[in-house]
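Here's a quick tour of a model, going from the overall build down to single residues. Have the viewer open and follow along.

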Amino acid sequence: MSVTTVMLVGVGGQGTILASDVLAQVAAATGLDVKLAEVHGMSQRGGSVDTVVRFGEHVHSPTIDPGGADHLVSFELIEAARWVHWLKPDGRLVVNNRTIAPLPVLIGEWGTPTGIEAALAYEGAIFLDAEELACEAGSPRSANIVLMGALSFGLSFETEAWRDVIARRVPPKTVDGNLAAFELGRKACREGACEL
Amino acid sequence: MALTLLSGNEAIAQGAWEAGVAVGTGYPGTPSTEILENLVRMPGVCCEWAPNEKVALEVAIGASMAGARALVTMKHVGLNVASDPFMALAYTGVGGGLVIVVADDPGMHSSQNEQDSRNWGPFGKVVVLEPSDSAEALEMTRSAFALSEKLDIPVLLRSTTRLSHGKGLVEPGRRVEHQPVSYRKSTAKWVMMPGMAKLRRVDLDRRLAAAREESESCSFTAEELRDTSLGIVTSGVVYQYVREALPEASTLKLGMTFPLPEGRIREFASKVERLVTVEELDPYLSMNLKAMGLAVEDTAVPHIGELSPGKVGAAFGAESPETREAMTDLPPRPPMLCAGCPHRGVFQALRSMDAVVTGDIGCYTLAALAPLSAMDSCIDMGASIGTAHGMGIAGGPGSSRPVVAVIGDSTFAHSGLTGVMNAVFNGGKETIVILDNRITAMTGHQDNPFTGRTLIGDPAPEIDIEAVVRALGVADVRVVNPNLLKPTSTALAAAVAYEGVSVVIAKAPCALLTKDYPDPFAVDEDLCTACGDCIRLGCSAICRAKDSKASIDIAQCVGCRQCVQVCRYGAIVRTGRACDIGSGA
């Protein structure tokens, strides 16, 4: 079996690290070799962040290069655009339809980029409003798990494996909300809203 | 035991614990911080944050002298601070096994420079081990203590960002308690004055010879013969990039990179047609192999920044895969001070004073970026105070602009006190601002001598910064809440006007420490004139709406009131928290 690479990108503080850990744990529970690469520290202060999860029979490198991801899940629109060339030409692109203005935009040094959604649609993006679905699940802070639900539709892991890991990994009080968030993210894809 | 997914840092902590380590110490620094944060949760280990890496290493040396196994952790630049004890340590050797973990940051994800810590091996004559994934990190750390005891030499375990913050599957085991050897007085071993050190230096060569033999039989060093037309000598996580990029090439993966196993390297060299090294940062292996007289070919592998499978492959002519076109013309997203960060108030005031600000290392270094743009230098931990003094005695910045040093609470504990002493001793006139946000923030909230809590979470005496600076001889000391902009400006102006060393302690907790925020603020569009004053605070919760007027993201606003104070039109008003959409779990 070859190695599958999933890349999660977003803005520091959006919960990409927890999401990548959930994915890696699911792959490990399925008996696969797993490697994960993330960066802590300065970039976490509202900077652009990326984590890479790779799984398969045997994984060597924790990191990849542009064009190396089978799946790209972006927690934010501008970051999706920034990282889209890291996705393989036939890769699957899941994008949270939300913009977080970076500092140069906030202070007016840079205009709000336009046309990103159309450009990403051209790249085959599957769009979701993860925050809205998270609110619907009754767990506003679980947008990251909504996105894992959307990602899960494109991977072959059993839903039960995801549910087990989520229940183990999120704070006890938020288990139900996060499981609901996962379902809503997955359902959004199943119902064709995000069919590739 | 089942396989568990652990980061390199978690695996190092686990390995140390299994080896029966009794003492863990260090100073937080990305990417090394989580080692002690994990070790402290394991039973039977006394773990402490030290004020800096030099003290941390000295504590570990004392524990080793007492016969216990000791672990000390730091980032690459931390060993610069700890280099004084480090350079004498191979001479004395160890009591209980002593392992120094140094985490390098190729690519400078969160550092001021790149350093290749393998160089400390031959420089300090200390054994160097380099794990290539989490599983090896656990096993190497576990075995490093016994190796240190056997050789009577400390072991430097070199990690990098991708090892420390990468995760992989490991098999955790049980702890084997280490029976400490009782302390026995030996001036010949532990008192490094010339008479004894000269003898220990000779003895060190004997111990290094034994270390070379260990390197020849090191089980973490592996020769893998595949296509022998290309032979690659490599180490650490770079080995994984090589395997990914050049799966057919033969490899010699070195587990111990000082001393090098010359016999095994020569043997490998004799089996391959072309011999190269692939390594991150310095040509450490390449230079050593050349010095051995081996015909090592130079390669196009970059020596700056972090490597990747693609970069390694490209250096050997591998074709890069077809990629999508990169989207250009996107706004960059640099890291920034958090919404409600109390540091912002200080830099807002310093900018309006047109101060020359000598900076330091912490979250507040982000104030160097637009729109605050209120920092002139950042060199190393504690540099702000000395550099401000230097500018002052050189006649100032060439204008009437005041020179102000800015340093965080943890950085002040780390290396700031000696700078203050120097300023007072030499009759300096500089102003020093201590940004006391009650925590070591940038590395993820570690306690320090000024927070009143230890690493384990126990209450500790909260050392009073004001009393410390007064005791160091500073007469002009003011304490302000930096969230109150006017009092902060007034205090800074008075401090700068003072004819002598002055200190302003800007004391307010990190915005991320606060759990119960007051209600957020909103902009009254009728009153907003789009003047941009609040925008220039560079708060992530404030942006320009389409009509150029300000707009506040209530999901991010923590109600710090700084923008309310800069608004001349009273346009920023209290609101109810309408929606509680956060930004991820």
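One definition first: a residue counts as buried if 20 or more other C-beta atoms lie within 10 Å of its own, with C-beta atoms placed from the backbone. Keep that cut-off in mind for helix H11 of chain B, where 8 of the 8 residues are buried, so the helix is largely enclosed by the rest of the structure. Also remember that this is a predicted model.

**What H11 sits against**

The buried residues of H11(B) are B:Val238, B:Tyr239, B:Gln240, B:Tyr241, B:Val242, B:Arg243, B:Glu244 and B:Ala245. They pack against three strands of chain B, namely S10 (227-235), S11 (249-254) and S13 (274-278), and against helix H14 of that chain. Both H11 (238-245) and H14 (309-315) turn up again at the boundary with the other chain, each supplying at least two residues of the side of chain B that touches chain A.

**Chain B as a whole**

Zooming out, chain B holds 21 helices and 22 strands. Its radius of gyration is 27 Å, close to the 25 Å that the globule rule gives for 585 residues, so chain B is as compact as a globular protein of that length. The C-alpha trace spans about 80 × 65 × 50 Å along its principal axes. Of the 585 residues, 54% count as buried. If you look at contacts in chain B between residues at least 6 apart in sequence, 75% of them join residues at least 24 apart.

The chain is divided into four domains: domain 1 (4-216), domain 2 (222-315), domain 3 (343-507) and domain 4 (521-574). How far apart are the centres of domain 1 and domain 2 of chain B? Taken over C-alpha atoms, 25 Å separate them. Across that boundary, 24 residues of domain 1 are in contact with 21 residues of domain 2. On the domain 1 side, the elements giving two or more residues are helices H6 (120-124), H8 (161-164) and H10 (194-216), plus strands S6 (127-129) and S7 (155-160). H10(B) gives the most, with 5 residues. By class, this side of domain 1 has 9 nonpolar, 6 polar and 9 charged residues.

**Where the chains meet**

Between the chains, 55 residues of chain B are in contact with 63 residues of chain A. Besides H11 and H14, the elements of chain B that each supply at least two residues to its side are H8, strand S8 (166-170) and strand S20 (542-544). That side of chain B has 26 nonpolar, 19 polar and 10 charged residues. Strand pairing also crosses the boundary: strand S2 (residues 33-37) of chain A and S8(B) pair in the antiparallel sense over 3 bridges. In S8(B), B:Gly166 is the bridge partner of A:Ala37.

**Strand S7 and its neighbours**

Back in domain 1, S7(B) is mostly covered, with 6 of its 6 residues buried. Its two faces are both covered: B:Val155, B:Leu157 and B:Ser159 are buried on one side, and B:Leu156, B:Arg158 and B:Thr160 on the other. The strand pairings discussed here look like this:

| Strands | Sense | Bridges |
|---|---|---|
| S5(B) and S7(B) | parallel | 6 bridges |
| S6(B) and S7(B) | parallel | 3 bridges |
| S2(A) and S8(B) | antiparallel | 3 bridges |

B:Leu156 is a handy residue to click on: it is the bridge partner of B:Ile100, and B:Val128 stands opposite it as well.

Next, try B:Leu129, whose place is in strand S6 of chain B. Is B:Leu129 buried or exposed? It has 29 C-beta neighbours inside 10 Å, so B:Leu129 counts as buried. Leaving aside neighbours within four places in sequence, its contacts are B:Met140, B:Ala144, B:Val155, B:Leu157, B:Gly255 and B:Met256.

**The nonpolar core**

The largest nonpolar core has 244 residues, and those with the most contacts inside it are A:Val146, A:Leu147 and B:Val127. Helix H1 (residues 16-29) of chain A gives the most to this core, with 10 residues. Which residues does A:Val146 touch, leaving aside its neighbours within four places in sequence? They are A:Leu128, A:Ala130, A:Leu133, A:Ala134, A:Ala181, A:Leu184 and A:Gly185.

Conventions. Residues are numbered from 1 along each chain as its sequence is written. Chains are lettered from A and ligands numbered from 1 in the order in which they are written. This is a predicted model: local features need pLDDT of at least 70, side-chain atom pairs count only at pLDDT 80 or more; totals for chains, interfaces and linings use all residues. Helices (H or I, at least four residues) and strands (E, at least two) are DSSP runs, numbered from the N terminus. The radius of gyration is taken over C-alpha atoms; the globule rule is 2.2 Å times the number of residues to the power 0.38. A residue is buried if 20 or more other C-beta atoms lie within 10 Å of its own, exposed if 12 or fewer, and partly exposed in between; C-beta atoms are placed from the backbone. Two residues are in contact if their C-beta atoms, placed from the backbone, lie within 7 Å. Domain bounds come from an automatic or database domain assignment. Ala, Val, Leu, Ile, Met, Phe, Trp, Tyr, Cys and Pro count as nonpolar, Asp, Glu, Lys and Arg as charged, and the others, Gly among them, as polar. Two strands pair if DSSP finds at least two bridges between them. A nonpolar core is a set of buried Ala, Val, Leu, Ile, Met, Phe, Trp, Tyr and Cys residues joined through C-beta atoms within 7 Å.
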